[in-house]
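Trainee: I would like a close look at the salt bridges in this model. Please take them pair by pair, with the surroundings of each partner.

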Amino acid sequence: MTQHLADALPTTTGTTPGWWRDAVIYQVYPRSFADSNGDGMGDLEGIRSRLPYLKELGVDAVWLSPFYASPQADAGYDVADYRAIDPMFGTLHDADAVIREAHDLGLRIIVDLVPNHCSDQHEWFKQALREGPGSRLRERFHFRPGKGENGELPPNDWESIFGGPAWTRVADGEWYLHLFAPEQPDFNWEHPAVQDEFRSILRFWLDLGADGFRVDVAHGLVKAPGLPDLGARDQLKLLGNDVMPFFDQDGVHEIYRSWRLILDEYEGDRVLVAEAWTPTVERTARYVRPDEMHQAFNFQYLTSDWEATALREVIDGSLAAMRPVGAPTTWVLSNHDVTRHATRFANPAGLGTQLREPGDRDLGLRRARAASLLMLALPGSAYVYQGEELGLPDVTDLPDEVRQDPSFFRAAGQDGFRDGCRVPIPWSGTEAPYGFGTGGSWLPQPDSWAELSVEAQTGDPSSTLELYRTALRLRREHPDLGAGESVDWQEAPEGVLVLRRGNFLCTANTTGTAVRLPVTGEVLLSSGDTVEDGVLPADTTVWWQVTAG
Ligand code: GLC
Ligand code: CA
């Protein structure tokens, strides 16, 4: 296999170099995108065959969640071999074809890198277990003797994000650390072999033509020296609100500086994107300093309610935090770990990101469309999670027996309803699996999804799919959309956001009642009903072309 230099790829628009600065990046969750061989599981060939759809949708890049060899204890985020494809998803040849064809279409491919932990079936971990306590190979992980009279207690009080202690005891009596499931042992990033191995893995995928990496749990790699107890504090409440002995430690930045040097050796603007859940946007900004990563997910934005004051605060805060480091701000509303925004916004505010209630579906969709249009008007780069362009809701009534989220099966961890946003997407037809494949789908799709399929929505100007297509086209064509580093807020009634850039204006009504706005201009796009006599409908965002001045 040869390296594909991305000849067909568009070079940067705008004045600052870096295609990623204002890119719209589409997240594909390979299990649930398209199934080419009828086994009910999405795969790489399915993705390849649907690349033209993504091109037509108008995105710039595609981020693929993990497709590596894996026992699938955490849907592929438990990697057994970082250089091999799981047979369930295809072969290395298929991965090569996805990258090559994406490049031919002018799309970039970002792969998911999972460096915090591997699978307990990874060769290194199996060897470490075999070699026994005290062996050098155990130093690549965090093995420790237990506490208590006979070592029967875990080495410290850390809890797994998925629930239960973050430690599991092996047959010879030692314990190993896993911040997530027991099948996901954490690497010891102090160890030079771990560092070397990941530099080599980066090169492997860069050589294959990957345009970058989304770095899983980027905030977790380095643990505080001595692995200190957390003390009597409620860990779940602290997560994401505080610097923890296992999260957001300063030492992680050195790792990303060394990776950046590797990416910079390669042609064609390759990028690193941090999945870093940190307490503040300012802490997140540290991951995207000029010699570290390029982008970081904006989880403060994702977790914000559909409410004007809160949104304005997080938008301004995010832009201000990124400005000193020169990184673009990113925006995201949904991903494979949270309840889809069409369902979050269908429910009362403040319930978090793991919901079990469908809420008011119409309201949720109306707000989701408005929220998406607001997001796509903001300066910087935006992430779209597969299916949100169809307005898909979360599937809140999955029977327990089909659920696969590991945290669902462990008490006291995060709520574990992540399967609801992972249901395979509907492409066509009137019956499940709606063109996802020919042999069912690994999670059941609701009966109501026929009308949400790509086929059903295509050509219907009122559909969410056409809203996204038009929005993405306008974003490409209009020089002021998605550009700049700040937002120029205009005076607006309570609950309404009005932002302007050049002769582009975006008005977002986050309230449940229509408001009159003194805007004169041409409506470019509306997420809701037609705008008449300057009346902006409830829960609606409108894009305008106004005259300069
Ligand atoms: C990230 C992934 C999530 C996974 C976890 C452990 O948060 O997005 O899906 O379970 O890391 O790898
Ligand atoms: Ca398949």
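Mentor: Start with aspartate 316, which is partly exposed in this predicted model, at a relative accessibility of 30%. Its salt-bridge partner is arginine 312, with 3.9 Å from N to O. That distance counts because the cut-off for a salt bridge is 4 Å between a side-chain nitrogen of Lys or Arg and a carboxyl oxygen of Asp or Glu. Arginine 312 is partly exposed as well, at 37% relative accessibility. Both residues belong to helix α10, which runs over residues 308-322. They are 4 residues apart there, so about one helical turn separates aspartate 316 from arginine 312.

A second pair within a helix is found in α1, residues 44-49. Here arginine 48 bridges to glutamate 45, and the closest N and O atoms are 2.7 Å apart. The spacing in sequence is 3 residues, about one turn of the helix. Arginine 48 has a relative accessible area of 22% and is therefore partly exposed, the lower limit for that class being 20%. Glutamate 45, at 29%, is also partly exposed.

The next pair links distant parts of the chain. Arginine 214 and glutamate 275 form a salt bridge through their side chains, at 3.4 Å from N to O. Arginine 214 sits in strand β9 (residues 212-215), while glutamate 275 lies in the loop between β10 (271-274) and α8 (281-285). The two are 61 residues apart and connect distant parts of the chain. Arginine 214 is buried, at a relative accessible area of 2%. Glutamate 275 is buried too, at 5%. Both values fall in the buried class because its limit is under 20% relative accessible area.

Those pairs are among the 34 salt bridges that the structure holds. Side chains of opposite charge can pair when their charged atoms come close. Some salt bridges share partners: Asp74, Asp337, Asp405, Arg418 and Arg422 are joined in this way into one network.

Carboxylates also take part in metal binding here. The calcium ion (ligand 2) is coordinated by Asp35, Asp39 and Asp43 through OD atoms, by Asn37 through OD1 and by Met41 through O, at 2.3 to 2.4 Å. The spacing of these donor residues in sequence is D-x1-N-x1-D-x1-M-x1-D. Of the donors, aspartate 35 is buried, with 7% relative accessibility.

Terms used:
Residues are numbered from 1 along each chain as its sequence is written. Chains are lettered from A and ligands numbered from 1 in the order in which they are written. This is a predicted model: local features need pLDDT of at least 70, side-chain atom pairs count only at pLDDT 80 or more; totals for chains, interfaces and linings use all residues. Side-chain values use heavy atoms; hydrogens and water are left out. Buried means under 20% relative accessible area, exposed over 50%, partly exposed in between (1.4 Å probe, protein chains only). Donors are N, O and S atoms within 2.8 Å of the metal (3.2 Å for Na, K and Ca); water is not among the atoms, so sites may look incomplete.
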